[in-house]
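Colleague: Got a minute to go through this one with me? I'd like to start with the cysteines and then move on to the helices.

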Amino acid sequence: MSEVEGARLFRESWIAGVRRHFPGEPKAGYVTPWEGTPEWEREAAGAVCAQVRQFVEVSAGKAGRLSREQKGRFVATCWTAQMYKHFEEPKPGYVADWSELPEWQRETDADIFEAIERDFPLS
């Protein structure tokens, strides 16, 4: 899996999750296709995908036994670290703790973890 493939999977999973879980019509930026995604966001998506993939690998695939909440929390924590990497003073919503995230975002983060597990199985 290349970093670009992982980043695209992350973005596509995010968009699918937003469309599935967001109440009402999401903001345009939430569902911007890959081609319109800013470079910093592409890099962050690739890094988080790589972190999830490595987490699955070092657990010998047993990360699949985590609850959806645990999977989502992992994605959210990795994303928060990327926000601090890319922004000196990130918006509060970019670095909100799990308990402060809206339900649709928590579900979307769990979907992302599960998509990475499913689309890049262990060798």
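Colleague: How far is the sulfur of Cys78 from the closest cysteine sulfur?
Modeller: Keep in mind that this is a predicted model. The sulfur of Cys78 sits 11 Å from that of Cys49, its closest cysteine sulfur, and that is too far for a bond.

Colleague: OK, so how many disulfides does the structure hold?
Modeller: Zero disulfides. Cys49 is in none either, with the sulfur of Cys78 as its nearest cysteine sulfur.

Colleague: And is Cys49 buried or exposed?
Modeller: Cys49 is buried, because its relative accessibility is 0%. Cys78 also counts as buried, at a relative accessible area of 6%.

Colleague: Which residues of H2 and H4 make the contact between those helices?
Modeller: First the geometry: the axes of H2 and H4 come within 10 Å and cross at roughly 60°. H2 passes H4 in a right-handed crossing. From H2 you have Cys49, Val52, Arg53, Phe55 and Val56, and from H4 Phe113, Ile116 and Glu117. So Cys49, the buried cysteine, is part of that contact.

Colleague: How do the residues of that H2 and H4 contact divide by class?
Modeller: Six are nonpolar, two are charged and no polar residues take part.

Colleague: Now H3. At what angle do H3 and H4 pack?
Modeller: About 90°, with the axes of H3 (residues 68–86) and H4 7 Å apart. At that angle, H3 counts as roughly perpendicular to H4.

Colleague: Which residues make that one?
Modeller: H3 brings Arg68, Lys71, Gly72, Phe74, Val75 and Ala76. On the H4 side there are Arg106, Glu107, Asp109, Ala110, Asp111, Ile112, Phe113, Glu114 and Glu117. By class, the contact of H3 with H4 has eight charged residues, six nonpolar and one polar.

Colleague: Let's stay with Arg106 for a bit. What does Arg106 touch, not counting residues up to four places away in sequence?
Modeller: Gly72, Trp98, Ser99 and Leu101. Gly72 belongs to the H3 side of the contact we just went through, while Arg106 itself is in H4. The C-alpha atoms of Arg106 and Glu69 are separated by 7.5 Å, though the two are 37 residues apart along the chain.

Colleague: How accessible is Arg106?
Modeller: Its relative accessibility is 23%, so Arg106 counts as partly exposed.

Colleague: And Glu107, what is that in contact with, leaving aside neighbours within four places in sequence?
Modeller: His21 and Arg68. Glu107 is found in H4 and counts as partly exposed, with a relative accessibility of 25%. There's a long-range pairing here too: Glu107 and Phe22 are 85 residues apart in sequence, with 9.4 Å between their C-alpha atoms.

Colleague: His21 takes us to H1. At what angle do the axes of H1 and H4 cross?
Modeller: Roughly 140°, and the axes of H1 (residues 3–21) and H4 (residues 103–119) come within 8 Å. That makes H1 oblique to H4. H1 passes H4 in a right-handed crossing.

Colleague: Which residues in H1 meet H4?
Modeller: Leu9, Phe10, Ser13, Trp14, Gly17, Val18, Arg20 and His21. In H4, the residues they meet include Trp104, Glu107, Thr108, Ile112, Ala115 and Asp119. By class, the contact of H1 with H4 has eight nonpolar, five polar and five charged residues.

Colleague: Switching to loops. Where does Thr37 lie?
Modeller: In the loop between H1 and H2 (39–58). Thr37 is buried, with 6% relative accessible area.

Colleague: Which residues is Thr37 in contact with, leaving aside its neighbours within four places in sequence?
Modeller: Arg11, Thr32 and Arg42. The C-alpha atoms of Thr37 and Arg8 are also separated by 10.0 Å, with their positions 29 residues apart along the chain.

Colleague: Last one. What phi does Ala60 have?
Modeller: A positive phi of about 55°, although Ala60 is not a glycine. Ala60 is in the loop between H2 and H3.

Colleague: Is Ala60 buried or exposed?
Modeller: Exposed, with a relative accessible area of 55%. Thr37, the other loop residue we looked at, is buried.

Conventions:
Residues are numbered from 1 along each chain as its sequence is written. This is a predicted model: local features need pLDDT of at least 70, side-chain atom pairs count only at pLDDT 80 or more; totals for chains, interfaces and linings use all residues. Side-chain values use heavy atoms; hydrogens and water are left out. Axes are lines fitted to C-alpha atoms, for helices over the stretch in contact, and angles run from 0 to 180 degrees between N-to-C directions. Helices (H or I, at least four residues) and strands (E, at least two) are DSSP runs, numbered from the N terminus. Angles under 35 degrees count as roughly parallel, over 145 as roughly antiparallel, 65 to 115 as roughly perpendicular and the rest as oblique. A crossing is left-handed if the near helix is turned anticlockwise from the far one by less than a right angle, and right-handed if clockwise. Contact means heavy atoms within 4.5 Å. Ala, Val, Leu, Ile, Met, Phe, Trp, Tyr, Cys and Pro count as nonpolar, Asp, Glu, Lys and Arg as charged, and the others, Gly among them, as polar. A disulfide is a pair of cysteine sulfur atoms within 2.5 Å. Buried means under 20% relative accessible area, exposed over 50%, partly exposed in between (1.4 Å probe, protein chains only).
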